[in-house]
Amino acid sequence: MEIIRSNFKSNLHKVYQAIEEADFFAIDGEFSGISDGPSVTALTNGFDTPEERYQKLKKKERYIVISKVDEEERKRREQEKHAKEQEELNDAVGFSRVIHAIANSGKLVIGHNMLLDVMHTVHQFYCPLPADLNEFKEMTTCVFPRLLDTKLMASTQPFKDIINNTSLAELEKRLKETPFNPPKVESAEGFPSYDTASEQLHEAGYDAYITGLCFISMANYLGSFLSPPKIHVSARSKLIEPFFNKLFLMRVMDIPYLNLEGPDLQPKRDHVLHVTFPKEWKTSDLYQLFSAFGNIQISWIDDTSAFVSLSQPEQVQIAVNTSKYAESYRIQTYAEYVGKKQEEKQIKRKWTEDGWKEADRKRSNTQCISYTLQNHYYRTNSFTATSAVGKRNLSPTQEEAGLEDGISGEISDTELERTDSCAESLSEGRKKAKKLKRMKKELSPAGSISDSPATLFEVPDTW
(Lines give C-alpha, C1' and ligand atoms only; values in the text may rest on other atoms or scores of the structure.)
Protein backbone atom coordinates (compact mmCIF):
# COMPACT_ATOMS: atom_id res chain seq x y z
CA MET A 1 0.00 0.00 0.00
CA GLU A 2 1.00 3.62 -0.36
CA ILE A 3 1.97 5.35 2.88
CA ILE A 4 1.23 9.08 2.81
CA ARG A 5 0.79 11.80 5.42
CA SER A 6 -2.86 11.02 6.12
CA ASN A 7 -2.33 7.31 6.88
CA PHE A 8 1.25 7.35 8.15
CA LYS A 9 0.59 7.02 11.89
CA SER A 10 -2.00 4.26 11.57
CA ASN A 11 0.30 2.19 9.33
CA LEU A 12 3.65 2.82 11.02
CA HIS A 13 3.69 -0.79 12.31
CA LYS A 14 3.51 -2.01 8.69
CA VAL A 15 6.48 0.18 7.80
CA TYR A 16 8.49 -1.35 10.66
CA GLN A 17 7.53 -4.82 9.49
CA ALA A 18 8.63 -4.04 5.93
CA ILE A 19 11.98 -2.74 7.22
CA GLU A 20 12.44 -5.95 9.19
CA GLU A 21 11.71 -8.14 6.17
CA ALA A 22 13.61 -6.16 3.51
CA ASP A 23 16.94 -7.25 2.00
CA PHE A 24 17.86 -3.66 1.15
CA PHE A 25 16.32 -0.17 0.88
CA ALA A 26 16.17 2.16 -2.10
CA ILE A 27 15.77 5.87 -1.36
CA ASP A 28 15.11 8.99 -3.39
CA GLY A 29 14.43 12.40 -1.87
CA GLU A 30 13.57 14.05 -5.21
CA PHE A 31 15.69 17.05 -4.22
CA SER A 32 16.14 19.73 -6.88
CA GLY A 33 19.77 20.01 -5.74
CA ILE A 34 22.27 21.79 -7.92
CA SER A 35 19.70 22.66 -10.58
CA ASP A 36 17.75 24.91 -8.20
CA GLY A 37 18.68 28.47 -7.27
CA PRO A 38 22.09 29.54 -8.58
CA SER A 39 23.24 28.45 -12.03
CA VAL A 40 24.71 24.97 -12.38
CA THR A 41 28.13 26.45 -13.19
CA ALA A 42 28.05 28.38 -9.91
CA LEU A 43 27.67 25.16 -7.92
CA THR A 44 29.69 22.74 -10.04
CA ASN A 45 33.04 22.77 -11.73
CA GLY A 46 34.73 20.02 -13.67
CA PHE A 47 37.78 20.32 -11.43
CA ASP A 48 36.10 20.64 -8.04
CA THR A 49 37.77 18.68 -5.28
CA PRO A 50 35.44 16.54 -3.12
CA GLU A 51 35.90 19.08 -0.31
CA GLU A 52 34.92 21.98 -2.59
CA ARG A 53 31.86 20.14 -3.92
CA TYR A 54 30.72 19.26 -0.39
CA GLN A 55 31.05 22.88 0.73
CA LYS A 56 29.12 24.15 -2.32
CA LEU A 57 26.24 21.76 -1.74
CA LYS A 58 26.26 22.42 2.00
CA LYS A 59 26.08 26.20 1.55
CA LYS A 60 23.55 26.18 -1.27
CA GLU A 61 21.95 29.60 -1.39
CA ARG A 62 18.34 30.28 -0.56
CA TYR A 63 16.35 33.18 -1.90
CA ILE A 64 13.89 35.33 0.10
CA VAL A 65 11.33 37.53 -1.65
CA ILE A 66 10.31 40.60 0.37
CA SER A 67 7.08 42.46 -0.32
CA LYS A 68 5.28 45.31 1.44
CA VAL A 69 2.06 44.30 3.27
CA ASP A 70 -0.22 45.91 5.84
CA GLU A 71 -0.23 44.87 9.51
CA GLU A 72 -3.34 42.65 9.29
CA GLU A 73 -1.99 40.80 6.25
CA ARG A 74 1.39 40.40 7.95
CA LYS A 75 -0.22 38.77 11.00
CA ARG A 76 -2.28 36.45 8.81
CA ARG A 77 0.82 35.34 6.91
CA GLU A 78 2.72 34.78 10.12
CA GLN A 79 -0.08 32.59 11.48
CA GLU A 80 -0.22 30.57 8.26
CA LYS A 81 3.56 30.22 8.27
CA HIS A 82 3.56 29.08 11.90
CA ALA A 83 0.82 26.53 11.24
CA LYS A 84 2.65 25.16 8.22
CA GLU A 85 5.95 24.96 10.09
CA GLN A 86 4.27 23.14 12.96
CA GLU A 87 2.71 20.65 10.56
CA GLU A 88 6.06 20.06 8.83
CA LEU A 89 7.75 19.63 12.22
CA ASN A 90 5.19 17.03 13.31
CA ASP A 91 5.64 15.16 10.03
CA ALA A 92 9.44 15.28 10.32
CA VAL A 93 9.40 14.00 13.88
CA GLY A 94 7.10 11.18 12.82
CA PHE A 95 9.09 10.20 9.75
CA SER A 96 12.34 10.30 11.69
CA ARG A 97 11.21 7.01 13.25
CA VAL A 98 11.39 5.40 9.82
CA ILE A 99 14.86 6.79 9.09
CA HIS A 100 16.15 5.65 12.46
CA ALA A 101 14.64 2.19 11.96
CA ILE A 102 16.43 1.88 8.61
CA ALA A 103 19.70 3.03 10.17
CA ASN A 104 19.32 0.64 13.11
CA SER A 105 18.76 -2.29 10.74
CA GLY A 106 22.28 -1.91 9.34
CA LYS A 107 21.00 -3.04 5.93
CA LEU A 108 22.21 -1.81 2.55
CA VAL A 109 20.75 1.55 1.46
CA ILE A 110 20.70 2.25 -2.28
CA GLY A 111 20.23 5.46 -4.25
CA HIS A 112 20.94 6.86 -7.68
CA ASN A 113 23.32 9.83 -7.67
CA MET A 114 22.56 9.92 -3.95
CA LEU A 115 25.01 12.42 -2.41
CA LEU A 116 22.34 15.09 -1.89
CA ASP A 117 19.87 12.51 -0.56
CA VAL A 118 22.42 11.39 2.03
CA MET A 119 23.38 14.95 3.01
CA HIS A 120 19.75 16.00 3.50
CA THR A 121 18.91 12.84 5.46
CA VAL A 122 21.85 13.27 7.85
CA HIS A 123 21.08 16.97 8.30
CA GLN A 124 17.34 16.59 8.84
CA PHE A 125 17.24 13.49 11.04
CA TYR A 126 20.58 13.32 12.91
CA CYS A 127 22.49 16.58 13.27
CA PRO A 128 23.56 19.67 11.30
CA LEU A 129 26.04 18.89 8.55
CA PRO A 130 29.63 19.14 9.82
CA ALA A 131 31.82 21.92 8.47
CA ASP A 132 34.58 19.46 7.58
CA LEU A 133 34.23 16.81 4.86
CA ASN A 134 36.05 14.13 6.88
CA GLU A 135 33.65 14.66 9.79
CA PHE A 136 30.74 14.28 7.36
CA LYS A 137 32.22 10.99 6.14
CA GLU A 138 32.62 9.70 9.69
CA MET A 139 29.10 10.75 10.63
CA THR A 140 27.55 9.22 7.50
CA THR A 141 29.24 5.83 7.82
CA CYS A 142 28.20 5.67 11.47
CA VAL A 143 24.56 6.28 10.56
CA PHE A 144 24.50 4.25 7.32
CA PRO A 145 27.37 1.73 7.34
CA ARG A 146 26.53 0.45 3.85
CA LEU A 147 25.53 2.76 1.01
CA LEU A 148 25.52 1.97 -2.71
CA ASP A 149 25.12 4.44 -5.58
CA THR A 150 23.68 2.78 -8.69
CA LYS A 151 24.88 5.62 -10.93
CA LEU A 152 28.48 4.94 -9.91
CA MET A 153 27.92 1.18 -10.22
CA ALA A 154 26.62 1.60 -13.79
CA SER A 155 29.59 3.85 -14.63
CA THR A 156 32.14 1.24 -13.51
CA GLN A 157 33.41 -2.02 -15.00
CA PRO A 158 32.01 -4.48 -15.90
CA PHE A 159 29.00 -2.26 -16.72
CA LYS A 160 30.81 0.75 -18.20
CA ASP A 161 31.33 -0.78 -21.64
CA ILE A 162 27.77 -2.03 -22.07
CA ILE A 163 25.78 0.88 -20.55
CA ASN A 164 25.98 4.12 -22.54
CA ASN A 165 23.56 6.30 -20.56
CA THR A 166 23.49 6.18 -16.75
CA SER A 167 20.52 8.51 -16.20
CA LEU A 168 17.97 6.62 -14.12
CA ALA A 169 15.24 6.36 -16.78
CA GLU A 170 17.62 5.18 -19.52
CA LEU A 171 19.43 2.83 -17.15
CA GLU A 172 16.16 1.15 -16.18
CA LYS A 173 15.35 0.57 -19.88
CA ARG A 174 18.83 -0.75 -20.71
CA LEU A 175 18.78 -3.24 -17.86
CA LYS A 176 15.70 -4.90 -19.37
CA GLU A 177 17.78 -5.93 -22.39
CA THR A 178 20.46 -8.56 -23.01
CA PRO A 179 22.80 -9.45 -21.28
CA PHE A 180 20.77 -8.42 -18.23
CA ASN A 181 17.90 -10.33 -16.70
CA PRO A 182 15.45 -7.95 -14.96
CA PRO A 183 13.54 -9.19 -11.92
CA LYS A 184 9.89 -10.10 -12.29
CA VAL A 185 7.77 -7.86 -10.07
CA GLU A 186 4.05 -8.09 -9.41
CA SER A 187 2.29 -4.97 -8.20
CA ALA A 188 0.15 -5.34 -5.09
CA GLU A 189 -3.58 -5.48 -5.63
CA GLY A 190 -5.06 -2.03 -5.97
CA PHE A 191 -1.59 -0.49 -6.24
CA PRO A 192 -0.63 -0.38 -9.95
CA SER A 193 1.03 3.04 -9.91
CA TYR A 194 4.58 1.65 -9.98
CA ASP A 195 4.15 -0.36 -13.15
CA THR A 196 7.19 0.63 -15.26
CA ALA A 197 5.04 0.47 -18.41
CA SER A 198 3.51 3.78 -17.31
CA GLU A 199 6.52 5.87 -16.26
CA GLN A 200 6.18 8.26 -13.32
CA LEU A 201 9.71 9.64 -13.38
CA HIS A 202 10.74 12.29 -10.83
CA GLU A 203 8.14 11.09 -8.37
CA ALA A 204 10.26 10.13 -5.37
CA GLY A 205 8.62 6.77 -4.64
CA TYR A 206 8.71 5.66 -8.28
CA ASP A 207 12.35 6.71 -8.72
CA ALA A 208 13.32 4.80 -5.57
CA TYR A 209 11.41 1.77 -6.92
CA ILE A 210 13.20 1.63 -10.27
CA THR A 211 16.53 2.34 -8.52
CA GLY A 212 15.95 -0.90 -6.61
CA LEU A 213 15.15 -2.73 -9.84
CA CYS A 214 18.35 -1.42 -11.44
CA PHE A 215 20.41 -2.61 -8.50
CA ILE A 216 18.91 -6.12 -8.62
CA SER A 217 19.59 -6.42 -12.36
CA MET A 218 23.22 -5.26 -12.06
CA ALA A 219 23.91 -7.37 -8.97
CA ASN A 220 22.51 -10.49 -10.67
CA TYR A 221 24.65 -9.78 -13.73
CA LEU A 222 27.76 -9.96 -11.53
CA GLY A 223 26.72 -13.49 -10.63
CA SER A 224 27.25 -14.57 -14.24
CA PHE A 225 31.02 -14.16 -13.74
CA LEU A 226 31.13 -16.85 -11.03
CA SER A 227 31.89 -20.50 -11.61
CA PRO A 228 29.33 -21.93 -11.50
CA PRO A 229 27.24 -18.82 -12.37
CA LYS A 230 24.62 -17.54 -9.94
CA ILE A 231 21.26 -16.30 -11.11
CA HIS A 232 20.57 -14.32 -7.94
CA VAL A 233 23.10 -12.22 -6.00
CA SER A 234 22.17 -11.14 -2.48
CA ALA A 235 22.51 -7.61 -1.12
CA ARG A 236 25.02 -9.15 1.35
CA SER A 237 27.21 -10.67 -1.36
CA LYS A 238 30.92 -9.92 -1.43
CA LEU A 239 30.54 -9.30 -5.18
CA ILE A 240 29.00 -5.89 -4.54
CA GLU A 241 31.28 -4.83 -1.69
CA PRO A 242 33.65 -2.88 -4.02
CA PHE A 243 30.78 -0.47 -4.71
CA PHE A 244 29.98 0.23 -1.04
CA ASN A 245 30.26 3.76 0.38
CA LYS A 246 31.35 5.46 -2.83
CA LEU A 247 28.95 8.25 -3.85
CA PHE A 248 28.90 9.48 -7.42
CA LEU A 249 30.28 13.00 -7.96
CA MET A 250 28.36 14.74 -10.71
CA ARG A 251 30.20 16.79 -13.34
CA VAL A 252 33.70 16.22 -11.97
CA MET A 253 36.02 15.20 -14.79
CA ASP A 254 38.61 13.07 -13.02
CA ILE A 255 37.22 12.21 -9.56
CA PRO A 256 34.23 9.93 -10.14
CA TYR A 257 33.16 9.42 -6.54
CA LEU A 258 33.32 10.62 -2.96
CA ASN A 259 34.96 7.90 -0.87
CA LEU A 260 33.22 7.71 2.51
CA GLU A 261 35.66 5.17 3.92
CA GLY A 262 39.00 6.83 3.25
CA PRO A 263 40.91 9.53 1.38
CA ASP A 264 39.55 10.67 -1.96
CA LEU A 265 41.33 10.27 -5.26
CA GLN A 266 43.93 12.94 -6.02
CA PRO A 267 44.58 13.12 -9.77
CA LYS A 268 47.73 14.91 -10.89
CA ARG A 269 46.01 17.56 -13.03
CA ASP A 270 49.38 18.54 -14.49
CA HIS A 271 47.59 19.35 -17.77
CA VAL A 272 45.26 21.90 -16.14
CA LEU A 273 45.69 25.69 -16.12
CA HIS A 274 44.00 28.32 -13.98
CA VAL A 275 43.16 31.45 -15.97
CA THR A 276 41.95 34.86 -14.75
CA PHE A 277 40.57 37.39 -17.23
CA PRO A 278 38.22 40.43 -17.57
CA LYS A 279 34.56 40.00 -16.72
CA GLU A 280 33.56 40.75 -20.31
CA TRP A 281 35.25 37.63 -21.66
CA LYS A 282 33.20 34.74 -23.03
CA THR A 283 33.97 31.10 -23.75
CA SER A 284 34.87 32.04 -27.33
CA ASP A 285 37.60 34.38 -26.02
CA LEU A 286 39.18 31.52 -24.09
CA TYR A 287 39.07 29.24 -27.11
CA GLN A 288 40.74 31.95 -29.16
CA LEU A 289 43.43 32.49 -26.50
CA PHE A 290 44.34 28.79 -26.51
CA SER A 291 43.74 28.16 -30.21
CA ALA A 292 47.39 27.17 -30.75
CA PHE A 293 47.16 24.30 -28.24
CA GLY A 294 44.63 22.07 -30.01
CA ASN A 295 41.69 20.53 -28.16
CA ILE A 296 40.97 22.12 -24.78
CA GLN A 297 38.29 21.79 -22.13
CA ILE A 298 36.97 24.81 -20.23
CA SER A 299 35.42 24.70 -16.75
CA TRP A 300 34.18 28.07 -15.53
CA ILE A 301 34.78 28.98 -11.88
CA ASP A 302 33.15 32.42 -11.82
CA ASP A 303 32.83 35.48 -14.09
CA THR A 304 36.56 36.16 -14.12
CA SER A 305 38.27 32.77 -13.81
CA ALA A 306 38.20 29.27 -15.27
CA PHE A 307 40.16 26.03 -15.50
CA VAL A 308 41.48 25.13 -18.94
CA SER A 309 42.74 21.60 -19.53
CA LEU A 310 45.16 20.97 -22.39
CA SER A 311 45.47 17.71 -24.29
CA GLN A 312 49.24 17.52 -23.67
CA PRO A 313 50.85 18.32 -20.27
CA GLU A 314 54.12 19.41 -21.92
CA GLN A 315 52.27 22.40 -23.39
CA VAL A 316 51.42 23.79 -19.95
CA GLN A 317 54.64 25.74 -19.36
CA ILE A 318 54.49 27.22 -22.87
CA ALA A 319 50.98 28.50 -22.14
CA VAL A 320 52.07 29.95 -18.79
CA ASN A 321 54.99 31.77 -20.42
CA THR A 322 52.67 33.44 -22.94
CA SER A 323 50.90 35.31 -20.13
CA LYS A 324 54.01 36.74 -18.44
CA TYR A 325 53.70 40.07 -20.22
CA ALA A 326 49.92 40.07 -20.75
CA GLU A 327 47.94 42.84 -19.06
CA SER A 328 44.35 41.59 -19.33
CA TYR A 329 44.76 37.94 -18.33
CA ARG A 330 46.97 35.67 -16.25
CA ILE A 331 47.73 31.95 -16.56
CA GLN A 332 49.16 29.71 -13.83
CA THR A 333 49.49 25.97 -13.36
CA TYR A 334 46.94 24.06 -11.31
CA ALA A 335 49.66 23.26 -8.74
CA GLU A 336 50.46 26.98 -8.33
CA TYR A 337 46.75 27.76 -7.97
CA VAL A 338 46.26 25.10 -5.27
CA GLY A 339 49.44 26.20 -3.46
CA LYS A 340 48.26 29.81 -3.23
CA LYS A 341 44.83 28.72 -2.00
CA GLN A 342 46.42 26.65 0.75
CA GLU A 343 48.63 29.60 1.76
CA GLU A 344 45.57 31.86 1.98
CA LYS A 345 43.75 29.22 4.01
CA GLN A 346 46.65 28.88 6.45
CA ILE A 347 46.92 32.67 6.82
CA LYS A 348 43.18 32.91 7.45
CA ARG A 349 43.32 30.05 9.98
CA LYS A 350 46.27 31.64 11.75
CA TRP A 351 44.50 34.99 11.81
CA THR A 352 41.38 33.35 13.24
CA GLU A 353 43.35 31.41 15.87
CA ASP A 354 45.30 34.51 16.88
CA GLY A 355 42.06 36.45 17.09
CA TRP A 356 40.50 33.85 19.38
CA LYS A 357 43.64 33.72 21.51
CA GLU A 358 43.58 37.49 21.91
CA ALA A 359 39.87 37.41 22.75
CA ASP A 360 40.46 34.64 25.31
CA ARG A 361 43.35 36.61 26.84
CA LYS A 362 41.21 39.73 27.18
CA ARG A 363 38.29 37.76 28.60
CA SER A 364 40.58 36.01 31.10
CA ASN A 365 42.04 39.34 32.20
CA THR A 366 38.55 40.79 32.62
CA GLN A 367 37.41 37.78 34.66
CA CYS A 368 40.51 37.94 36.87
CA ILE A 369 40.02 41.65 37.54
CA SER A 370 36.31 41.10 38.20
CA TYR A 371 37.02 38.18 40.52
CA THR A 372 39.68 40.16 42.42
CA LEU A 373 37.33 43.12 42.85
CA GLN A 374 34.52 40.86 44.08
CA ASN A 375 36.82 39.14 46.59
CA HIS A 376 38.01 42.52 47.76
CA TYR A 377 34.42 43.71 48.10
CA TYR A 378 33.34 40.68 50.15
CA ARG A 379 36.41 40.85 52.40
CA THR A 380 36.07 44.55 53.16
CA ASN A 381 32.30 44.39 53.56
CA SER A 382 31.95 41.05 55.31
CA PHE A 383 29.65 42.30 58.07
CA THR A 384 27.28 44.28 55.86
CA ALA A 385 27.27 41.52 53.23
CA THR A 386 26.28 38.92 55.85
CA SER A 387 23.36 40.98 57.08
CA ALA A 388 22.30 41.79 53.53
CA VAL A 389 22.06 38.15 52.48
CA GLY A 390 20.01 37.19 55.50
CA LYS A 391 16.84 37.59 53.47
CA ARG A 392 18.02 35.64 50.43
CA ASN A 393 19.49 32.29 49.57
CA LEU A 394 23.08 31.81 50.74
CA SER A 395 24.03 30.10 47.44
CA PRO A 396 26.10 32.24 45.04
CA THR A 397 24.44 34.39 42.43
CA GLN A 398 24.31 33.24 38.81
CA GLU A 399 27.17 35.56 37.95
CA GLU A 400 29.27 34.17 40.81
CA ALA A 401 28.37 30.59 39.93
CA GLY A 402 29.30 31.17 36.31
CA LEU A 403 32.60 32.69 37.41
CA GLU A 404 33.40 29.73 39.66
CA ASP A 405 32.44 27.30 36.89
CA GLY A 406 34.78 29.15 34.55
CA ILE A 407 37.62 28.83 37.07
CA SER A 408 37.03 25.16 37.85
CA GLY A 409 36.45 24.24 34.20
CA GLU A 410 33.10 22.57 34.97
CA ILE A 411 29.74 23.14 33.29
CA SER A 412 26.79 23.93 35.50
CA ASP A 413 23.52 21.99 35.35
CA THR A 414 21.76 25.20 34.37
CA GLU A 415 23.97 25.54 31.30
CA LEU A 416 23.32 21.94 30.35
CA GLU A 417 19.58 22.50 30.61
CA ARG A 418 19.84 25.41 28.22
CA THR A 419 20.79 23.04 25.39
CA ASP A 420 18.13 23.19 22.70
CA SER A 421 16.23 19.92 22.93
CA CYS A 422 15.01 20.19 19.34
CA ALA A 423 18.41 20.71 17.71
CA GLU A 424 21.04 18.17 18.57
CA SER A 425 24.61 19.43 18.74
CA LEU A 426 27.18 18.11 16.33
CA SER A 427 29.18 16.39 19.07
CA GLU A 428 26.10 14.70 20.51
CA GLY A 429 25.05 13.63 17.03
CA ARG A 430 28.49 12.12 16.45
CA LYS A 431 28.37 10.27 19.79
CA LYS A 432 24.97 8.85 18.96
CA ALA A 433 26.08 7.79 15.50
CA LYS A 434 29.19 6.05 16.87
CA LYS A 435 27.07 4.23 19.45
CA LEU A 436 24.74 3.18 16.64
CA LYS A 437 27.69 1.84 14.65
CA ARG A 438 28.93 -0.21 17.62
CA MET A 439 25.46 -1.69 18.10
CA LYS A 440 25.27 -2.63 14.43
CA LYS A 441 28.68 -4.27 14.59
CA GLU A 442 27.61 -6.37 17.55
CA LEU A 443 24.30 -7.34 15.94
CA SER A 444 25.58 -7.94 12.37
CA PRO A 445 25.48 -11.58 11.23
CA ALA A 446 28.84 -13.31 11.19
CA GLY A 447 28.20 -15.21 7.97
CA SER A 448 27.52 -14.01 4.44
CA ILE A 449 27.04 -15.63 1.07
CA SER A 450 30.37 -17.01 -0.07
CA ASP A 451 31.33 -15.59 -3.45
CA SER A 452 34.58 -14.93 -5.21
CA PRO A 453 36.85 -12.26 -3.67
CA ALA A 454 35.70 -8.65 -3.66
CA THR A 455 38.72 -7.72 -5.78
CA LEU A 456 36.94 -9.20 -8.81
CA PHE A 457 35.22 -5.89 -9.52
CA GLU A 458 37.37 -3.23 -7.87
CA VAL A 459 36.20 0.36 -8.43
CA PRO A 460 39.28 1.85 -10.06
CA ASP A 461 41.50 4.49 -8.45
CA THR A 462 41.91 6.29 -11.77
CA TRP A 463 39.46 6.62 -14.65
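**Close-up views of a four-strand sheet and a helix**

**View 1. Strands S6 and S8 pair side by side.** S6 (residues 272-276) and S8 are antiparallel and share 5 bridges. The model shown here, as in every view, is predicted. Leucine 273 has valine 308 of S8 as its bridge partner.

**View 2. Strands S7 and S8 make a hairpin.** The link between the two strands holds 2 residues. S7 (residues 296-302) runs antiparallel to S8, and 6 bridges join the pair. Look for glutamine 297, which sits opposite serine 309 of S8.

**View 3. Strand S8 is mostly covered.** S8 spans residues 305-310, and 6 of its 6 residues are buried. Ser305, Phe307 and Ser309 point one way from the strand. Ala306, Val308 and Leu310 point the other way. Both sets are buried.

**View 4. Strand S9 pairs with S6.** The two strands run antiparallel, with 4 bridges between them. Valine 275 faces isoleucine 331 of S9 across the pair.

**View 5. Four strands form one open sheet.** The order is S7-S8-S6-S9, with antiparallel pairing. S7 and S9 (330-333) are the edge strands, and each pairs on one side only. From one strand to the next, the twist averages 25°. Strands of a sheet pair through backbone hydrogen bonds.

**View 6. Helix H5 is largely enclosed by the rest of the structure.** H5 covers residues 115-125, and 8 of its 11 residues are buried, so the surrounding structure largely encloses the helix. The buried residues are Leu115, Leu116, Asp117, Val118, Met119, Thr121, Val122 and Phe125.

Terms used
Residues numbered from 1 in each chain as written. Predicted model: local features only at pLDDT ≥ 70, side-chain atom pairs only at ≥ 80, totals over all residues. Heavy atoms only, no water. Buried < 20%, exposed > 50% of the residue type's maximum accessible area, 1.4 Å probe, protein only. Pairing = 2+ DSSP bridges. Axes fitted to C-alpha atoms, helices over the stretch in contact; angles between N-to-C directions.
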